[in-house]
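Thanks for asking me to look this one over. My notes follow as numbered points, so please read them with the viewer open.

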There are 2 protein chains.
Amino acid sequence: MSANSRLTVAAHALTWIGLYQRRGHEVATSEQIATSVNTNPVVIRRLLAELRKAGLVESQRGAGAGWRLTRDLASLTLLDVYRAIEPGPVFALHRAVPDPECVVGQGIGPALSAVYDGVEAALRRELAGTTLEDVLRDVLKAA
Amino acid sequence: MSANSRLTVAAHALTWIGLYQRRGHEVATSEQIATSVNTNPVVIRRLLAELRKAGLVESQRGAGAGWRLTRDLASLTLLDVYRAIEPGPVFALHRAVPDPECVVGQGIGPALSAVYDGVEAALRRELAGTTLEDVLRDVLKAA
DNA sequence: CTTTGACGTAACCATTTTTGTTACATTTGA
DNA sequence: TCAAATGTAACAAAAATGGTTACGTCAAAG
């Protein structure tokens, strides 16, 4: 599995913006977020651009500009974030079409697809059960 | 997400061997399996070697040799297969350690880890709910 | 005991994904 | 006009996956 950290970084960025806004600031810059995440500001801007396409954040340009949440942390679940940044499924079928002459080659795709759909649904149910407000609460509690 | 097909190919191979044995054959060759999967025999041998390490199959060498299941299809779940071939978790934490001076940077890791553990558990529960016997039944039913 | 068939595995290569980085155009507030 | 920030292209590095070739090793069959 790829084991990518995109969901982690996206959740981190949104949580950071949320806390920053809660402390009275209007917008957060990609530079500030990148410092907390410990990465490059462009990585943050690229990720936030995908979240903006999904309507989770909005951005301003120009001096004194930055990023702002469009919804409260409590209304944002990890599933919302996942949906915004993860296009493909966890498991893929064959790269090349299996032998159609073979019973297994012909029927294995649909059979596994049904299982994979269930897995995907379970994964989404789990992610939907946690809001970024939950995450922030855990973060502040640990401090 | 990587969207890899390793689980698909592994399940395909095991199902094929199971059906082949059920039809009275002793062992299946990587060449035969590769034909059904539509890939290279080396890809099959590499994957089955991992399944052998997990005790799911055994192999013979020499002329007339090949692969054989060590258990019945009904006792093999997709979770067994997944465990044998997938080392890492679905979601990863940060690649570089986040800023420890920042509350979010310091607490987001543990907070997300708890969620990811739940996701992983849900995924495994789903995979554990389907045996290769179930898969073969679906395959034969569709034919 | 030689031949043959099959696994075991190393060594490449191509492709894709992810991440980091630099660079620069664009926008906007002061 | 200047400074600050996003928007985005371009490139590189690294890792995972999959395909291919090549060759060593083993064991059954004759």
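1. A residue is near a molecule or strand if one of its heavy atoms lies within 4 Å of it. On that footing, and keeping in mind that this is a predicted model, let me begin with DNA strand D. There are 28 residues around DNA strand D, and those that come nearest are Ser30(A), Arg52(A), Ser59(A), Ser5(B) and Thr39(B). Of the atoms of DNA strand D that come within 4 Å of the protein, 64% belong to sugar and phosphate.

2. Which atoms of DNA strand D are 3.4 Å from a polar backbone atom of Ala63(A) or from an N or O atom in the side chain of Asn4(B)? For Ala63(A), the partner is a base nitrogen of DNA strand D, 3.4 Å from a polar backbone atom of the residue. For Asn4(B), the partner is a phosphate oxygen, 3.4 Å from an N or O atom in the side chain. Gly62(B) can be added here, since a backbone N or O atom of Gly62(B) lies 3.4 Å from a base oxygen of DNA strand D. The elements giving two or more residues to the surface near DNA strand D are α3 of chain A and α3 of chain B.

3. Which element gives the most to the surface near DNA strand D? That is α3(A), with 4 residues. Sorted by class, the surface near DNA strand D has 9 nonpolar, 11 polar and 8 charged residues.

4. Now for DNA strand C. This strand is surrounded by 27 residues, and the closest are Ser5(A), Thr39(A), Ser30(B), Arg52(B) and Gly62(B). Sugar and phosphate make up 64% of the atoms of DNA strand C that come within 4 Å of the protein.

5. Three side chains of chain A deserve a look in the viewer. Thr39(A) has an N or O atom in its side chain 2.4 Å from a phosphate oxygen of DNA strand C; please check that value on your side. The side chain of Arg46(A) places an N or O atom 2.8 Å from a base nitrogen of DNA strand C. For Arg61(A), a side-chain N or O atom is 3.1 Å from a base oxygen of DNA strand C.

6. Which elements each supply at least two residues of the surface near DNA strand C? They are α3 (41-53) of chain A and α3 (41-53) of chain B. The largest share, 4 residues, comes from α3(B). By class, the residues of the surface near DNA strand C divide into 8 nonpolar, 11 polar and 8 charged.

7. On the fold of chain A: the secondary structure comes to 6 helices and 2 strands, and along the sequence the pattern reads α-α-α-β-β-α-α-α. The radius of gyration of chain A is 19 Å, whereas a compact globule of 143 residues would be near 15 Å. The C-alpha trace of chain A spans about 65 × 30 × 25 Å along its principal axes.

8. Some totals for chain A may help your bookkeeping. Of its 143 residues, 52% count as buried. Among contacts between residues at least 6 apart in sequence, 65% join residues at least 24 apart. The accessible surface of chain A is about 6,600 Å², with 50% of it belonging to carbon and sulfur atoms.

9. Is Asp80(B) buried or exposed? Asp80(B) counts as buried because its relative accessibility is 16%, and the cut-off for buried is under 20%. Asp80(B) is found in helix α4 of chain B, and its side chain reaches the backbone nitrogen of Thr77(B) at 2.9 Å. Leaving aside residues up to four places away in sequence, Asp80(B) touches Leu56(B), Arg71(B) and Ser75(B).

10. Val90(B) sits in the loop between α4 (78-85) and α5 (103-128) of chain B. Val90(B) counts as buried because its relative accessibility is 0%. From C-alpha to C-alpha, Val90(B) and Leu112(B) are 13 Å apart in space and 22 residues apart in sequence.

11. Finally, a backbone point. Most residues other than glycine have a negative phi. Asn38(A), although not a glycine, has a positive phi of about 70 degrees; Asn38(B) likewise has a positive phi of about 70 degrees. Asn38(A) is in the loop between α2 (30-37) and α3 of chain A and is partly exposed at 40% relative accessibility. Asn38(B) lies in the loop between α2 (30-37) and α3 of chain B, and is partly exposed with a relative accessible area of 39%.

Key:
Residues are numbered from 1 along each chain as its sequence is written. Chains are lettered from A and ligands numbered from 1 in the order in which they are written. This is a predicted model: local features need pLDDT of at least 70, side-chain atom pairs count only at pLDDT 80 or more; totals for chains, interfaces and linings use all residues. Side-chain values use heavy atoms; hydrogens and water are left out. A polar contact is a pair of N or O atoms within 3.5 Å; within protein, one must be able to donate a hydrogen and the other to accept it, and residues adjacent in sequence count only if both atoms are side-chain atoms. Ala, Val, Leu, Ile, Met, Phe, Trp, Tyr, Cys and Pro count as nonpolar, Asp, Glu, Lys and Arg as charged, and the others, Gly among them, as polar. The radius of gyration is taken over C-alpha atoms; the globule rule is 2.2 Å times the number of residues to the power 0.38. Buried means under 20% relative accessible area, exposed over 50%, partly exposed in between (1.4 Å probe, protein chains only). Contact means heavy atoms within 4.5 Å. Accessible areas come from the Shrake-Rupley method with a 1.4 Å probe; for residues, only the protein chains shown count as cover.
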